[in-house]
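Hi,

Here's the structure I promised to pass on. Have a look at it first, then read my notes below.

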There are 2 protein chains.
Amino acid sequence: MVTIKDVARAAGVSPATVSRVLNERPDVDPELAERVQAAIVELGYQPSRVARNLRRRETSVWGMIISDIRNPFFTDMVRGVEDVAYGAGYSLVLCDSDEDVAKEARYLDLIMAERMAGAIVSPASSVGSNLNPVIAQGIPVVLVDRRVDSPILDTVMVDDRRAARGAVEHLIANGYRRIACVTGPLDTTTGQERLAGYRDALERTGRPPEDELVRTADFKVGGGFAATRSLLELPEPPEAIFVANNLMTLGALSAIEAMGLVVPDEVALVGFDDMPWAPLIRPPLTAVAQPTYELGLETARLLLARIRGEKGPPRHVMLAASLEIRGSSAPRQRT
Amino acid sequence: MVTIKDVARAAGVSPATVSRVLNERPDVDPELAERVQAAIVELGYQPSRVARNLRRRETSVWGMIISDIRNPFFTDMVRGVEDVAYGAGYSLVLCDSDEDVAKEARYLDLIMAERMAGAIVSPASSVGSNLNPVIAQGIPVVLVDRRVDSPILDTVMVDDRRAARGAVEHLIANGYRRIACVTGPLDTTTGQERLAGYRDALERTGRPPEDELVRTADFKVGGGFAATRSLLELPEPPEAIFVANNLMTLGALSAIEAMGLVVPDEVALVGFDDMPWAPLIRPPLTAVAQPTYELGLETARLLLARIRGEKGPPRHVMLAASLEIRGSSAPRQRT
DNA sequence: CTGTTAGCGCATTCAG
DNA sequence: CTGAATGCGCTAACAG
């Protein structure tokens, strides 16, 4: 292991001077700097960030905890964060909580233990996720996509409730009456709000919300499949289904396929999160399109500002989603 | 910032004893240990891994560099790695090189600078990716999905060549003759081998490989789209296309859709990497299914063994892929 | 402009 | 079994 001392000795200077060269401080004699550079190359020296971090009491790493790395929604967002972080000289450490509060807690510990510069979290649960220790340690935290109940933090969200309402209103406008909803876990704000938006739409049109037609699943393919099948096996099945995330929509499509039903004639479908393959299936899928990459950008910018010392009350950014109307929710053909 | 000294003072012991408690060393008086635990809780003490890493000269973090975080193939693999790492007490840091050798180099630097315990890399280029410095630092490295030219490292691969050959032979068996290939960058081993497999299949059947029908794209949606369109605009377009990864297949499907062509009657299609939505499109997509999660598991196990000190020559694990036959490559209807 | 000195927070000697 | 002393590799503060 070649250290700063070895370089100093080889260049005939003191370790402090090597350190100055490494940190590109202007107050170094060009000739010495050159000798140091040469020694660094010659010895293949790689400064230890571990030591540097200890000494400086700061790191150049951000931690980002998402709840499902297999969900394209999150990975698109990650790209937005990454681009800002990379541009500002930070590295991004990605952690996958797998919708599991225990795993999430472990990654939060890691963020604290590594004294990371900042954290971006999409909490696994609005009640079970405890960010307080991280905040108490003075590490800036920004929430994205989902909120938690207690702390006062910067957040970047999509207007889920409005988007969900719009999706269901679209179904109503297209002549569907018995509309079901497959939402996510009710301890996530996205699960809550998308369900609330569904109910908003029904109430607006004077239709009482029918809890018989609401299913709560896990934001994953399997949950969407089971929930959809249970809906379609009702004595009086729904005419249309609003599914509150992309993976569950995949499950819903499989369930419909497995039961041999025709979309939208026998059951119409609107999903949440637009996907690259949505236009390619038959019929093409109507879906709420979220500004995923922009969510990442905004989140990263807020975090960067806090890391740079910006004070003041928490900021809440709310981005709008749009509805991509395609064939799976085509106007109802009454039979 | 509460340190080990604060805890020691609060518990009325020495820092060394606190350290022993933290590391669950058996040689501590139970009563003292209890007092230390109490003090830790009381003060909300969180040991600094930065300091611990410096002192121990080792970390409990793995670095994993993948070339595209938006590609489900990689994220599935990540889950496999994660499960092994998590189980063995390691944390996984995910880095996205975005198929860019420069970004990759930066993340490799990070792995070295942070003195990570091990690295898993899916190199952006078989020639441009330079892992030697990492290896020289004594950090165990395992390659997954792609190889690099020079170093002798453990690798975990899929038998790309054989899988590609099988896919193309399937098209031939189903009556297609003019078969095109959209492959990836030729400085990736996957790009090379899948093309080689395509050529193998053609040669076996006595058909000369036709370079006119080969396109090299970027393993991304846009590249697949452009390559496919250019193939279909040929004076004598192909009867079938073999596309060498999932994202490019998405692009190919869009191109075919945009040109209003019917699959498989006007052009048949076989993709590489099976996707959850592959059975849902019309017609369902025939694709080479890779054992993604298992790739991750095997890779992580090899790395774990090396970290634990296993010596010996490099090990090369090769997993087989399977062909999921669906409608997009149905037997040709001669007109 | 440069070298010397002194820690960052922790784990590991070595005495006791 | 426990505490005091030492240093991991680096940078900040201070002299010169």
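Below is what I found where the protein meets the DNA.

One thing to keep in mind: this is a predicted model.

Let's start with DNA strand D. There are 26 residues around it, and Ile4(A), Tyr45(A), Arg20(B), Leu32(B) and Arg55(B) come nearest. Of the strand D atoms that come within 4 Å of the protein, 64% are sugar and phosphate. A few backbone atoms reach the phosphates here. Ile4(A) has a backbone N or O atom 2.3 Å from a phosphate oxygen of strand D, Asp29(B) has one at 2.7 Å, and a polar backbone atom of Ser48(A) sits 3.1 Å from a phosphate oxygen. Helices H2 (15–22) and H4 (49–56), in chain A and in chain B, each give two or more residues to this surface. By class, the surface has eleven nonpolar, six polar and nine charged residues.

Now for DNA strand C. It is surrounded by 27 residues, with Arg20(A), Leu32(A), Arg55(A), Ile4(B) and Tyr45(B) the closest. Sugar or phosphate makes up 62% of the strand C atoms within 4 Å of the protein, and bases make up the rest.

Which parts of strand C do the side chains of Arg20(A) and Arg55(B) approach? For Arg20(A), a side-chain N or O atom is 2.5 Å from a base oxygen. For Arg55(B), a side-chain N or O atom is 2.6 Å from a base nitrogen. Ser48(B), on the other hand, has a polar backbone atom 3.0 Å from a phosphate oxygen. H4(B) gives the most to the surface near strand C, with four residues.

Cheers

Conventions. Residues numbered from 1 in each chain as written. Chains lettered and ligands numbered in written order. Predicted model: local features only at pLDDT ≥ 70, side-chain atom pairs only at ≥ 80, totals over all residues. Heavy atoms only, no water. Near = heavy atom within 4 Å. Polar contact = N/O pair within 3.5 Å; in protein donor to acceptor, adjacent residues only side chain to side chain. Nonpolar A, V, L, I, M, F, W, Y, C, P; charged D, E, K, R; others polar.
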